[in-house]
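Here is a short briefing on one protein model. Look over the fold, then work through the points by topic.

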Amino acid sequence: MVPIGDFDPEMVAAIGRAIERLFRAAVRVEPILTELAFAFDPERRQYLSTAILGALAASAPADAYKVIALVRVDLFIPILTFVYGEAQMGGGACVLSTFRLHSGPGAGGEEGVVRAVKEALHELGHTFRLRHCPDPACLMHYCRSEADVDRKSSDLCRYCRVLLDDELRKPAAR
Ligand SMILES: [Zn+2]
Ligand SMILES: [Zn+2]
């Protein structure tokens, strides 16, 4: 995990525990990337998530199976107004932003942590080749709003769990 910016250690720890539970993997925090100016788009005043993924993948430690950056800035990809995160499908890197997960009810409190946990697991799920799931309660459901995020659980549906278990049984390769 690569937290970039001022993160509540409680949130980082909560995300780490959730990753260990869902993916049955050991998590460590390492500051392989510390600034994001290279990804800033002055016209949109947002950060290009794809650029962050590239930098992450390029600086990932050799023994890291997957890397996830946690950022507080507003992320975008060219075709969308914003994204909560982005992942390399079946690849080694993903990024999650908490920028838009803290507004509305429960801002900054426990609700914000729960949302960040769900969306972090969702992005990591993509790196394990999981695609978007039509089940609104499944972690892999694509969410466009905080209400969507609140509606889904912190777990995979049975179908996505089977797909993940298949992926986890494959030899580790990034
Ligand atoms: Zn997704
Ligand atoms: Zn599912």
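The points below cover two sheets, a helix pair and one buried leucine.

This is a predicted model. One open sheet has four strands in the order β1-β4-β7-β6. A second open sheet has three strands in the order β2-β3-β5. Helix α2 packs on the four-strand sheet and also lies across β3 and β5.

**The four-strand sheet**

- The pairing in this sheet is mixed. Strands of a sheet pair through backbone hydrogen bonds, either parallel or antiparallel.
- The edge strands are β1 (2-4) and β6 (85-87), and each pairs on one side only.
- From one strand to the next, the twist averages 15°.
- Helix α2 (residues 49-59) touches β1, β4, β6 and β7. The direction of α2 makes about 135° with that of β7.

**Strand pairs in this sheet**

- β1 and β4 run parallel and share three bridges. Val2 has Ala69 in β4 as its bridge partner.
- β4 (residues 67-71) and β7 (residues 93-97) are also a parallel pair, joined over five bridges.
- Two residues of β4 show how this pair lines up. Ala69 stands opposite Val95 in β7, and Val67 stands opposite Ala93 in β7.
- β6 and β7 run antiparallel, with three bridges between them. Ala87 has Cys94 in β7 as its bridge partner.
- β6 and β7 form a hairpin, with five residues between the two strands. Gly90 sits in the turn and has a positive phi of about 70°.

**Burial of β4 and β7**

- How many residues of β7 are buried? Five of the five are, so β7 is largely enclosed by the rest of the structure.
- In a regular strand the side chains alternate between the two faces of the sheet.
- Both faces of β7 are covered. Ala93, Val95 and Ser97 are buried on one side, and Cys94 and Leu96 are buried on the other.
- β4 is mostly covered, with five of its five residues buried.
- Both faces of β4 are covered. One side carries buried Val67, Ala69 and Val71, while Ile68 and Leu70 are buried on the other.

**The three-strand sheet**

- This sheet also has mixed pairing, in the order β2-β3-β5.
- Which strands stand at the edges? They are β2 (40-41) and β5 (75-76). Each has a single partner strand, so one side of each is left without a neighbour in the sheet.
- β2 and β3 (residues 46-48) run antiparallel and are joined by two bridges. Asp41 has Gln46 in β3 as its bridge partner.
- Helix α2 runs at about 50° to β3.

**Helices α1 and α3**

- Two packed helices are described by the angle between their axes and the distance between the axes.
- Helix α1 (residues 9-23) packs with helix α3 (residues 110-127) at an angle of about 45°, and their axes are 9 Å apart. That angle makes α1 oblique to α3.
- The α1 and α3 crossing is right-handed.
- From α1, the contact uses Met11, Ala14, Ile15, Ala18, Ile19, Leu22 and Phe23. From α3, the contact uses Val113, Ala116, Val117, Ala120, Leu121 and Leu124.
- What kinds of residue make up this contact? They divide into 13 nonpolar, no polar and no charged.

**Leu164 in helix α5**

- Leu164 lies in helix α5 (residues 158-169).
- Why does Leu164 count as buried? The cut-off is 20 or more other C-beta atoms within 10 Å. Leu164 has 21 C-beta neighbours inside 10 Å, so Leu164 counts as buried.
- Leaving aside residues up to four places away in sequence, Leu164 touches Gly125, Phe128, Leu130 and Leu156.
- Leu164 and Val149 are 15 residues apart in sequence. In space they are 20 Å apart, C-alpha to C-alpha.

Methods
Residues are numbered from 1 along each chain as its sequence is written. Chains are lettered from A and ligands numbered from 1 in the order in which they are written. This is a predicted model: local features need pLDDT of at least 70, side-chain atom pairs count only at pLDDT 80 or more; totals for chains, interfaces and linings use all residues. Two strands pair if DSSP finds at least two bridges between them. Axes are lines fitted to C-alpha atoms, for helices over the stretch in contact, and angles run from 0 to 180 degrees between N-to-C directions. Two residues are in contact if their C-beta atoms, placed from the backbone, lie within 7 Å. A residue is buried if 20 or more other C-beta atoms lie within 10 Å of its own, exposed if 12 or fewer, and partly exposed in between; C-beta atoms are placed from the backbone. Angles under 35 degrees count as roughly parallel, over 145 as roughly antiparallel, 65 to 115 as roughly perpendicular and the rest as oblique. A crossing is left-handed if the near helix is turned anticlockwise from the far one by less than a right angle, and right-handed if clockwise. Ala, Val, Leu, Ile, Met, Phe, Trp, Tyr, Cys and Pro count as nonpolar, Asp, Glu, Lys and Arg as charged, and the others, Gly among them, as polar.
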